[in-house]
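Colleague: Could you take me through one part of this model in detail? I would like to start with the inside and then see what surrounds it.

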Amino acid sequence: MTDEDRHTRNGEIGPAEWLAMNRTGSFDWDLDTGTIDVDESGLLVFGLAPDAYDGRPVTLIARLAPDERARLEDVVRQAVTSGEVSYTAHFPIPQDDGPPHWTHVQARILRSPDGRARRILGVVRDTTAEVTRFAFVQELEKRREVQTNIVERTTHALSRAVTVDDVTAALTGPGGLARLGADGLALGLVENGSLHIIALSGETLDALDDFRVRRLDRGMPLAEAVLSGRPRFVSSFPSLGRDFPELAPYLARLDFRAACYLPLVAQARSLGGMALFYRGRTSFNADERNLALGLAAIVAQSLQRAILFDEERELATGLQATMLPRRIPKITGGEIAVRYHAAWSGRQVGGDWYDVIPLPRGRVGIVVGDVQGHDTHAAAIMGQLRIALRAYAGEGHAPSTVLARASRFLAELDTNRFATCTYAQVDLGSGTLRAVRAGHLGPLIRHTDGRVGQPKLRGGLPLGLATVFGDEEFPETRLDLVPGETLVLCTDGLVEQPGSDIETGLTALSEAISSGPPQAEALADHLSERLWERWGAGDDVALLVLRRSPDPGTPRAPRIHQYIHQADPQGLSDARAAVGQALHDWGMPELADDTELLTGELLVNVLLHTEGGAVLTLEVLPEPVRRVRLSVQDRSSAWPRRRTPGEAATSGRGLLLLDALASRWGVEPRGEGKAVWCEIGPAAVTADSAANGS
C-alpha cells in the first residue's frame with residue numbers, strides 16, 4: 001500500500017487527488033452585457049467543459065442546488081447594490097460520481113465614477129481538499145475528545161473506589177457503562193485456579209450467568225485472554241462461536257455485534273479479565289484498541305489496590321475480633337445485646353470495645369470503652385486493657401477501684417495512649433447500678449413509658465492520663481433501673497458526626513431509643529438501622545443494651561414500676577396519669593382519685609427533700625381483700641416526720657393525708673435509702689375481727 005493510498009483510506013486526500021482538486025481559475029463579469037468570461041481552469045472548477053459554456057451566469061451555476069444558488073445570488077446582489085468593493089462566497093458544487101466539490105470565490109467590484117457597478121473581477125478556487133482535511137481533523141479531534149473523556153471519567157470514578165465492591169459499583173452502577181463507552185461489561189477475578197465473574201452489566205448479559213464460576217482454561221474467550229495475557233478483539237460473534245463451541249449456544253441471546261476481551265494485569269500479576277460489549281460497532285481501529293487497553297490498565301490498578309485493601313481490612317478486623325468477647329453470658333433478671341461496627345478504612349481499625357463480666361453475688365459488670373487511635377496498635381492495647389479490667393472487676397472490687405487499677409495498668413504499658421470508658425456494676429435483682437466514668441459518654445436510660453433520660457455521672461480523667469496526672473479518682477454514681485427499663489452504653493462513633501456537635505448526635509440517639517422496641521436485641525437492631533448512615537462516617541462503634549426484665553405481676557395481682565427524675569414536673573404529672581390509667585385498666589376506678597393524690601404527695605416529698613429521683617411501684621394486693629399498694633423509693637436515709645402545719649402553711653400535710661386516705665402506711669429501709677408505702681382500699685380483715693363479727 002502506498003502512502004497516497006494510506007492517506008486516502010484514513011479519510012485524508014492523496015497528493016494526486018489534492019493536485020486535481022486544488023485548481024484555481026479567474027473570471028471577468030461584464031455587468032453591462034451580463035456575460036462572464038471564465039478561463040479554462042475556472043470552468044473546470046465549476047465542472048464545465050470549455051466548449052459547453054455559453055458565457056451566461058446562469059449556465060455557470062446551473063449545477064448548484066437551488067438553495068445554494070439563491071444564497072450565492074443574494075451575496076452578489078447585496079454586494080453590488082450596497083456599494084461594497086468586494087465579496088467572497090463558499091459553496092458546494094454537486095458531482096455526478098461522488099461527494100460535492102467545495103468552491104471558493106473572491107471577487108472585486110469595479111464601479112463607474114457615479115458609483116454604478118460595471119465589472120466584477122474574481123478568482124475561483126476548488127477548496128475540496130481543504131474542507132475534507134478540516135472535516136477529517138475535526139472528526140479526529142472529536143474522537144480523541146470522546147476517548148479522553150472516557151479515560152478521565154473512568155479514572156475519576158475509580159479513584160474513589162476503596163474495596164473490590166466499590167470498583168464493581170463504579171463500573172456497573174449508574175453511568176458506569178456510559179463512562180466506559182460500552183453497552184455491556186463482564187468483570188472476572190482469578191481465585192484458586194478459577195475465574196469468578198464478579199460483575200455482569202448490560203441487557204441480555206444475564207445469559208452468561210451459567211459461567212459465573214468456572215475453571216481457568218482456554219475454553220472461554222475471557223479465560224483465554226487471562227491465560228495468554230493478550231487482548232482479543234471480536235468483530236463477528238459467529239466467528240467467536242466457532243472458536244469457542246461451548247459459548248456458541250449462548251451467543252444468539254446476546255444483543256451485541258462486537259466485543260473485546262482484555263486481561264487485567266498489574267505489576268506483572270494477572271488479576272483477572274474484563275470484557276466490553278458493543279451494539280453499534282463492528283470493528284476496532286488502532287485508537288479504539290489502545291483505548292480499550294488503557295481502560296483495562298486503569299481497572300487493573302484499581303482492582304489491585306482494592307484487593308490489597310480488602311486483605312488488609314480482613315487482617316485488621318480479624319485481629320480486632322479476637323480482642324472482643326467471643327460470647328456474651330446469659331444473665332438472670334434481664335437481657336443484654338451488643339453490636340459492633342468496624343470503620344472501613346483499611347488498617348485504620350479502632351480500639352472500641354465492650355464487655356459483660358459475671359460478678360460475685362449474682363451481679364454483672366458492663367463496660368464500653370475506646371482506646372485512643374485508629375490502628376492495629378490501638379486494637380492490641382484494647383485487648384490487653386479489656387482483659388485487665390475484666391480481671392479487676394472479677395475480683396469483686398468497687399467500680400472506682402476497678403478503673404483506678406485499669407488506669408495504672410494502661411500507664412505502665414508505656415504506650416503513650418489513653419482510653420475512655422464507662423463501667424457499671426449491676427444488680428438486676430434490686431435494679432441498683434453503681435456506675436463510674438473515665439472521660440467517656442454516660443449511659444442513656446429508656447423508662448417504661450418510653451421517655452429517655454441522660455443521668456449525670458460524675459466523671460474522672462481518661463484511663464492512663466489519670467495515673468500520669470496523679471488523679472485516680474473515679475466517683476461512683478448510683479442509678480436505679482426499675483423493671484422494664486433499658487440502659488444504653490455506646491462509644492462516641494455513634495453520636496459524633498463531622499460538621500455537627502455531640503449534643504445533636506445524643507438527641508438523635510435519644511429519639512431512636514425512644515421510638516424503638518423494648519426488647520434488647522430488637523432495640524439494638526433498631527439503633528443499628530436508624531443510625532447506620534452515621535456509623536458510616538469512618539469511626540468504630542461499640543453498643544451495649546441492657547434491659548431489666550419487666551415485672552407486670554400476675555393477672556390477679558398486676559404491678560407497674562416507673563422512675564421519676566428529680567425536679568421533673570412533667571415526670572410527676574406523667575406518674576399520676578399512669579397510676580390513674582392503671583387503676584382503670586385493673587377495674588378499680590373508685591380508688592383512682594385517692595391514689596393519684598397520694599402519688600403526688602409522696603413524690604413531691606422525695607423530689608423536694610432528697611438529692612435523687614424516685615422509683616414508683618403500684619401493685620394490687622388481692623388477699624385477703626382486693627386493694628392497691630403504692631410505694632415510693634428514694635436514696636435518702638432520712639425518714640419522714642409528722643408535723644403540725646399552721647392554717648397558712650404550704651407544706652407538712654403529707655402524712656396527714658396518708659392517715660386520712662390510706663388504710664395502712666409505713667416506712668421500710670431499702671439498701672442505702674428507704675421506701676414509703678401505703679395501701680388504699682378496704683381495710684384488711686383480720687382473724688380477730690372476723691371472730692367478733694366485725
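Which helices and strands each supply at least two residues of the lining of the largest cavity?

Modeller: Happy to! This is a predicted model, where local features need pLDDT of at least 70 and side-chain atom pairs count only at pLDDT 80 or more, while totals for chains, interfaces and linings use all residues. Residues are numbered from 1 along each chain as its sequence is written, and side-chain values use heavy atoms, leaving out hydrogens and water.

To your question: strands β7 (194-201), β8 (213-215) and β11 (269-278), together with helices α9 (221-228) and α10 (237-243), each supply at least two residues of that lining. Helices here are DSSP runs of H or I with at least four residues, strands are runs of E with at least two, and both are numbered from the N terminus. A cavity is a set of points, on a 1 Å grid over the protein atoms alone, where a 1.4 Å probe fits but cannot get out; lining residues have an atom within 4 Å of a point.

The largest cavity encloses about 240 Å³, a volume being the space filled by probe spheres set on grid points that are joined across faces, edges and corners. Twenty residues line the largest cavity, and Ile-197, Leu-208, Phe-211, Met-220 and Leu-222 are the closest to its centre. The lining has 18 nonpolar residues, two charged ones and no polar ones. In this count Ala, Val, Leu, Ile, Met, Phe, Trp, Tyr, Cys and Pro are nonpolar, Asp, Glu, Lys and Arg are charged, and the others, Gly among them, are polar. Next to strand β11, have a look at Gln-267, in the loop between β10 (258-266) and β11. Gln-267 is not a glycine, yet its phi is positive, about 50°.

The structure holds two cavities of 30 Å³ or more, and the second largest has about 30 Å³ of space. Its lining is made up of Thr-422, Ala-424, Leu-433, Ala-435, Pro-443, Leu-479, Leu-487 and Leu-489; seven of these residues are nonpolar, one is polar and none is charged. Strands β15 (419-427), β16 (432-438) and β21 (486-490) each supply at least two of the lining residues.

Strand β21 also leads us into a sheet. Five strands form this open, antiparallel sheet in the order β12-β22-β21-β17-β18, where two strands pair if DSSP finds at least two bridges between them. At its edges are β12 (334-341) and β18 (452-453), each pairing on one side only. Two bridges link β17 (residues 444-446) to β18 in the antiparallel sense, with Ile-445 facing Gly-453 of β18 as its bridge partner. Helix α16 (residues 502-515) packs on the sheet by touching β17, β18 and β21, and its direction makes about 25° with that of β17. Contact means heavy atoms within 4.5 Å; angles run from 0 to 180 degrees between N-to-C directions of lines fitted to C-alpha atoms, for helices over the stretch in contact. Helix α17 (residues 520-530) lies across β12, β21 and β22 (541-548), running at about 25° to β12.

Another open sheet of five antiparallel strands follows the order β23-β24-β25-β27-β26. Here the edge strands are β23 (559-564) and β26 (664-670), and neighbouring strands are turned by 15° on average, direction ignored. Seven bridges join β24 (residues 614-621) to the antiparallel β25 (residues 627-634), and Leu-621 has Arg-627 of β25 as its bridge partner. The loop between β24 and β25 holds Pro-624, joined to Glu-623 by a cis peptide bond with omega of about -10°. Helix α20 (residues 592-609) lies across β23, β24, β25 and β27 (673-680), at about 10° to β25.

A word on confidence: pLDDT, the predictor's confidence in each residue from 0 to 100, averages 84 over the protein, and 89% of the residues score at least 70. Over residues 1-13, however, pLDDT stays under 50.

How values were computed:
1 Å grid on protein atoms, 1.4 Å probe; cavity = no way out; pocket = protein on both sides within 12 Å on 5 of 7 lines; lining within 4 Å.
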